[in-house]
Amino acid sequence: MDSPEMDRTDTSEAAMASRIVRYGELKPCKTAFIDAHTPGSNRKENFTIIGGGVSESADQHVHISIPHGFNIGAAGQPPRCRNSLHSHRTAEVFFVLKGRWRFFWGRWGDAGEVVLEEGDLINIPTGIFRGFENIGTDYGMIMAVLGGDDAGGGVLWAPQVIEDAADHGLVLGENGKLYDTKQGQSLPEGIGPMKTLTEAELEDYPEPTAKEVVPNHVARYWDMMSLADKAPALVIGETGMLRDRPGFEVGLLNHNSATTEMHRHDRPSVLMPMRGHWKVTWENGGTHEAVLAPGDTMSVPENLKHSAVPSMTGEASLFHVVATDDPAGPTWRG
């Protein structure tokens, strides 16, 4: 179910409130992907916050459908729950909002792995199979940025994931939609099952080592906080901590680099607090304010003058995402 259509030019307080998705109001989908019934993955929840995402289920709720040049989503999982091995054609970036997570990659998930703590970020290379699991002791949440308005057109699953899913009643059609045989559903006439990748195709999926992935694709929270001491830290960008041009840039602000000076972008941007409460101020025939908490997501309209500063003392950090003119596509290696 999609969100109501929004007027992109309306910056009244009521309209802006509809562009804020509160953490406590997120609507999960428990049947978003083909592994929804597979033991070990059957308790995960998928959230589509901005954009259509890559969900394969008609039950997925889209909170904000306005195109941004990228998608914002989230995954919530209890301890020992994992997301199965899959690949994307465009960028997939995560930061850990809650919990402790293990990210792993490769055809069988054994080429390498890294453990991320709260605030850490990973820009997973395109074109490799990846998965992740909550290895903490409580329900965990990771926030995601996916490249492109169509998020790359969907997910490519490792063949064993599709085979395991069929054993538990779920079939993925070649139209990218899921059908639950346990609920009496079947593939529509003229629609065949999604073909699995051939062995020849699988040879094109690299198996990078942790030595290759971690230094170039992982940014640790306290390193980002340190680099944001004078100005916002550019985390992902052509000259960022993680040098990439995936069609968007990611920055991090803290107490030291936040400013009340108004600024604007020529395209929509997104504010995502990690720690602390943040006061967002904007101009529209006067000054208006909203306060964001960790886990909240705010879409800021293009050309709207605004600022974001911590609203209280103590640790404060906020991720900022804005599209660039670079095409959404394979991880940049230039």
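Which residue just after α2 takes a positive phi? Select Gly-169: its phi is about 95°. Keep in mind as you click around that this is a predicted model.

**Stop 1: helix α2**

Now step back from Gly-169 and select α2 itself, residues 159-167. Show the side chains of Pro-159, Gln-160, Val-161, Ile-162 and Ala-165, which are the buried residues of this helix. In a helix, residues three or four places apart point the same way, because an α-helix has 3.6 residues a turn. To see what the buried residues of α2 pack against, add the strands β5 (82-87), β12 (156-157) and β13 (170-172), plus helix α3 (199-202).

**Stop 2: an open sheet**

Next, pick out four strands and follow them across in the order β19-β24-β21-β22. Together they form an open sheet, and the pairing is antiparallel. At the edges you'll find β19 (259-263) and β22 (287-292); each has a single partner strand, so one side of each is left without a neighbour in the sheet. Turn the view and you can look for the twist: neighbouring strands here are turned by 20° against each other on average, ignoring direction.

Zoom in on β21 (residues 278-283) and β24 (residues 306-310), which pair in the antiparallel sense over 5 bridges. If you want a landmark in this pairing, label Trp-282 and then His-306 in β24, which stands opposite. Strands of a sheet pair through backbone hydrogen bonds, so switch on the backbone atoms for this view.

**Stop 3: the nonpolar cores**

Time to go inside. Select Leu-121 and Phe-319: in the largest nonpolar core, which has 36 residues, these two touch the most other members. Then move to a second, separate core of 23 residues, where Ala-36, Phe-104, Val-155 and Ala-158 are among the members.

**Stop 4: rings**

How many aromatic pairs does the structure hold? There are 9. Start with Tyr-221 and Trp-222, an edge-to-face pair with 4.9 Å centre to centre and 70° between the planes. Colour these two by accessibility and compare them. Tyr-221 has 3% relative accessibility, so it counts as buried. Trp-222, at 55%, counts as exposed.

For a bigger group of rings, select Phe-94, Trp-101, Phe-103 and Phe-132, which ring pairs link into a cluster.

Finish with Arg-107 and Trp-108. The charged end of Arg-107 sits over the ring of Trp-108, 4.1 Å from the ring's centre.

Notes: Residues are numbered from 1 along each chain as its sequence is written. This is a predicted model: local features need pLDDT of at least 70, side-chain atom pairs count only at pLDDT 80 or more; totals for chains, interfaces and linings use all residues. Side-chain values use heavy atoms; hydrogens and water are left out. Two strands pair if DSSP finds at least two bridges between them. Helices (H or I, at least four residues) and strands (E, at least two) are DSSP runs, numbered from the N terminus. Axes are lines fitted to C-alpha atoms, for helices over the stretch in contact, and angles run from 0 to 180 degrees between N-to-C directions. A nonpolar core is a set of buried Ala, Val, Leu, Ile, Met, Phe, Trp, Tyr and Cys residues joined through side-chain atoms within 4.5 Å. Buried means under 20% relative accessible area, exposed over 50%, partly exposed in between (1.4 Å probe, protein chains only). Rings of Phe, Tyr and Trp (its six-membered ring) pair if their centres lie within 6.5 Å; planes under 30 degrees apart count as stacked, over 60 as edge-to-face and the rest as tilted. A charge sits over a ring if NZ of Lys or CZ of Arg is within 6 Å of the ring centre and within 35 degrees of the ring normal. Contact means heavy atoms within 4.5 Å.
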